[in-house]
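Reader: I would like a close look at one part of this model, then a walk outward from there. Please keep the sentences short.

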Amino acid sequence: MILNCAIIDDEPLAAELLASYADKTPSLNLIGCYNSAVSAIKDIREKSIDILFLDIQMPELSGLEFAKLIPKQTKIIFTTAFDQYAIEGYKVNALDYLLKPISYENFLMSVQRAEAWFENSYKQDTFKRDKFIYVKSEYKHVQVPLDDVTYIEGLKDYVKFYFADDTKPVMSLMSMKNLEEFLPRPDFMRIHRSFIVHMSKAKLIDRMRIVFGDIYLPVSDSYKDDVANYINEHTIG
């Protein structure tokens with residue numbers, strides 16, 4: 001996967017260092033290197049930038065201010081000499097935060113996180129479009145049609161897919177957390193540490209329990225607000 005990137009830093013030496021890092025990283029294609037956010041606005045909006053290495057403390061327009069102006073598909077990795085900006089950085093959905101002086105090792109680790117994010121995003125789009133996934137079960141790759149899944153149960157190191165018809169449940173070695181990252185939202189919603197529910201299949205909800213026939217799945221306190229909001233969004237009267 002090749003990711004287009006750009007650099008904005010008002011310190012020429014810092015910008016040049018990051019540009020040299022980007023040039024020797026095979027997965028990055030450097031689109032532009034700028035010494036101010038103002039000079040970069042037009043290109044960032046018009047060009048397809050996947051990753052933006054963005055300094056925070058800059059004249060005219062700070063990195064935090066600029067982050068609110070760029071396209072949502074551009075992911076930000078903040079670069080700064082001041083660690084007190086970390087929390088503010090994550091408030092604008094920064095993918096990562098690099099503290100100066102930046103080593104190539106730390107730069108590369110940040111790029112790898114970005115690669116993982118884009119790969120996961122691509123898979124999520126694929127699953128949502130094709131409406132099926134393959135999971136490993138008993139040394140085989142078994143297709144799981146997402147539209148047919150009613151709920152998923154976590155069983156220690158395994159997950160178990162249950163279906164609307166009489167199809168035999170499918171069990172696969174994976175974590176609920178990893179699976180949850182890839183399932184289309186809000187179609188699939190975590191309601192409990194042990195359950196993920198396909199909400200459009202939830203025909204009956206009884207006092208914060210999802211009912212499938214004679215099966216009652218509890219909604220834990222951690223997820224009650226999410227489930228209640230989902231119900232309210234789909235309720236008339």
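Which class does Glu 180 fall into at 22% relative accessibility, and what does its side chain meet?

Author: Glu 180 counts as partly exposed, at 22% relative accessibility. Keep in mind that this is a predicted model. The side chain of Glu 180 meets that of Arg 190 in a salt bridge, 2.9 Å from N to O. The pair links distant parts of the chain. Glu 180 sits in helix 6, residues 176–182. Arg 190 sits in strand 11, residues 188–192. The two are 10 residues apart. Arg 190 has 13% relative accessibility, so it counts as buried, the cut-off being under 20%. One partner is therefore partly exposed, and the other is buried.

Now the loop between these elements. Pro 186 lies there, between helix 6 and strand 11. The peptide bond that joins Arg 185 and Pro 186 is cis. Its omega is about 0 degrees.

Strand 11 also holds Phe 188. Phe 188 has a relative accessible area of 7%, so it is buried. What does Phe 188 touch, leaving aside residues up to four places away in sequence? The list has Leu 146, Val 149, Ile 152, Leu 183, Ile 196, Val 197 and His 198. A contact here means heavy atoms within 4.5 Å. For a distance across the chain, take Ser 220. Phe 188 and Ser 220 are 32 residues apart in sequence. In space, their C-alpha atoms are 16 Å apart.

Next, the other salt bridges. A search of the whole structure finds 11. The bridge between Glu 180 and Arg 190 has been described above. Asp 221 and Lys 224 form another, with 3.2 Å from N to O. Asp 221 is exposed, with a relative accessible area of 64%. Lys 224 has 32% relative accessibility and counts as partly exposed. Lys 47 bridges to Asp 43, where the closest N and O atoms are 3.7 Å apart. That value falls within the 4 Å cut-off, so the pair qualifies. Lys 47 is partly exposed, with a relative accessible area of 38%. Asp 43 is partly exposed as well, with a relative accessible area of 22%.

There is also a network. Salt bridges link Asp 9, Glu 11, Asp 55 and Lys 100. Follow Lys 100 into the backbone. The peptide bond from Lys 100 to Pro 101 is cis, with omega near -5 degrees. Pro 101 has its place in the loop between strand 5 (96–99) and helix 5 (104–130). So a cis bond appears there, as it does from Arg 185 to Pro 186.

Two further backbone points concern phi. Glu 60 has phi near 70 degrees, a positive value in a residue other than glycine. Glu 60 lies in the loop between strand 3 (51–55) and helix 3 (63–67). At 68% relative accessibility, Glu 60 counts as exposed. Glu 138 has a positive phi too, near 55 degrees, and is likewise not glycine. Its loop runs between strand 6 (132–137) and strand 7 (140–145). Glu 138 counts as exposed, at 64% relative accessibility.

Last, the chain as a whole. The chain has seven helices and 15 strands. Its radius of gyration is 22 Å. A compact globule of 237 residues would have a value near 18 Å. Along the principal axes, the C-alpha atoms fill a box of roughly 65 × 50 × 30 Å. Of the 237 residues, 46% are buried. Arg 190 and Phe 188 belong to that class.

Contacts come next. Consider those between residues at least 6 apart in sequence. Of these, 49% join residues at least 24 apart. The accessible surface comes to about 13,900 Å². Carbon and sulfur atoms account for 51% of it. The chain carries 28 positive and 35 negative charges. The mean positions of the two sets are 6 Å apart.

Terms used: Residues are numbered from 1 along each chain as its sequence is written. This is a predicted model: local features need pLDDT of at least 70, side-chain atom pairs count only at pLDDT 80 or more; totals for chains, interfaces and linings use all residues. Side-chain values use heavy atoms; hydrogens and water are left out. Helices (H or I, at least four residues) and strands (E, at least two) are DSSP runs, numbered from the N terminus. The radius of gyration is taken over C-alpha atoms; the globule rule is 2.2 Å times the number of residues to the power 0.38. Buried means under 20% relative accessible area, exposed over 50%, partly exposed in between (1.4 Å probe, protein chains only). Accessible areas come from the Shrake-Rupley method with a 1.4 Å probe; for residues, only the protein chains shown count as cover. Lys and Arg count as positive and Asp and Glu as negative; His and the chain ends are not counted. The place of a charge is taken as NZ of Lys, CZ of Arg, CG of Asp or CD of Glu.
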